[in-house]
Amino acid sequence: MKKGFFSRLGDVSRIHHRAAFADVEYRINRFFGSYGFLSLVEKRYSCRKFKSQPVSDVKINRMLEAARLAPTASNKQPVHVWAVTSETALERLRAVHPLFGAPMAFMVGCKPDEAWVRSFDGKNGAETDAAIIGTHLMLCAADLDLGCTWIGAFDPVKLAEAFPEAAGYQITALFAVGVPASDATPSERHSQRKSMEDFATEL
Ligand SMILES: Cc1cc2nc3c(=O)[nH]c(=O)nc-3n(C[C@H](O)[C@H](O)[C@H](O)COP(=O)(O)O)c2cc1C
């Protein structure tokens, strides 16, 4: 017997409710301009090729504000951000990492001795806090149509020597930031995400 529309709908609802209906709702809302955050997340990629033009002060301030407003454990804010924009400071930083030729960078550092500590096992929250701040910075850069790459592969000893201003801080990450070059593209890795099945479990 040929199935009617409503019984087919029932099948879909039972078998693929989340995949089918949640997605339809998502697409409708997206069409009407909702889900701005998800669009931003989809648009962001690690940009590794930049134009030489400087990043405007307005945009630098907005990224710093996005970072400043990030949540930290128990609101301890055991962090500091350095906007590296002057030629002398950039020269020092480029000797540690070439920054993919970006015209500016941020350094995000944390102080474990000022961070929240989990009483159960002594786990220190400083690096987690710094990572949240870095994520705010990176997403704000994308929102401002800037390119950005999180850089974790640097020599911390060389960096500490180059920046005595950051003494007492553990530098968690560098962020190369600038206007993406016209031929900048996401790397191959960008699209290699785990399937939702592997990534998340509903209990
Ligand atoms: C903690 C962390 C450290 C990273 N360190 C580097 C790095 O040192 N050099 C680099 O080119 N990319 C680095 N990346 C960027 C990742 O390689 C990139 O996010 C990942 O491959 C996914 O690509 P996508 O950002 O384009 O989506 C880092 C990203 C994170 C989150």
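What covers the buried residues of α5? In this predicted model, the cover includes α3 (57-68) together with the strands β1, β2 (104-110), β3 and β4. The helix beneath this cover, α5, spans residues 126-143, 18 residues in total. From its first C-alpha to its last, α5 reaches 26 Å, close to the 26 Å expected at 1.5 Å a residue. Its buried residues are Ala126, Asp129, Ala130, Ile133, Gly134, His136, Leu137, Met138, Cys140 and Ala141. Just after the helix comes Asp145, with a positive phi of about 65°.

The strands that help to cover α5 also belong together in an open sheet of 4 strands, ordered β1-β2-β4-β3 and paired antiparallel. At the edges lie β1 (79-84) and β3 (147-151), each of which pairs on one side only. On average, neighbouring strands of the sheet are turned by 20° against each other, direction ignored. A closer look at one edge is worthwhile: β3 is joined by 5 bridges to β4 (residues 170-178), and the two run antiparallel. Within this pairing, Trp150 has Phe175 of β4 as its bridge partner.

Trp150 leads on to the ligand, since the residues around the ligand include Thr149, Trp150 and Ile151, and β3 covers residues 147-151. Gly152 and Ala153 are also part of this shell, as are Tyr45 and Ser46. Pro186, Ser187, Arg189 and His190 complete the list of residues around the ligand. Sorted by class, the shell holds 5 nonpolar, 5 polar and 1 charged residues.

Terms used: Residues numbered from 1 in each chain as written. Predicted model: local features only at pLDDT ≥ 70, side-chain atom pairs only at ≥ 80, totals over all residues. Near = placed C-beta within 6 Å. Nonpolar A, V, L, I, M, F, W, Y, C, P; charged D, E, K, R; others polar. Pairing = 2+ DSSP bridges. Axes fitted to C-alpha atoms, helices over the stretch in contact; angles between N-to-C directions. Expected span 1.5 Å × (residues − 1). Buried ≥ 20, exposed ≤ 12 C-beta atoms within 10 Å, placed from the backbone. Contact = placed C-beta atoms within 7 Å.
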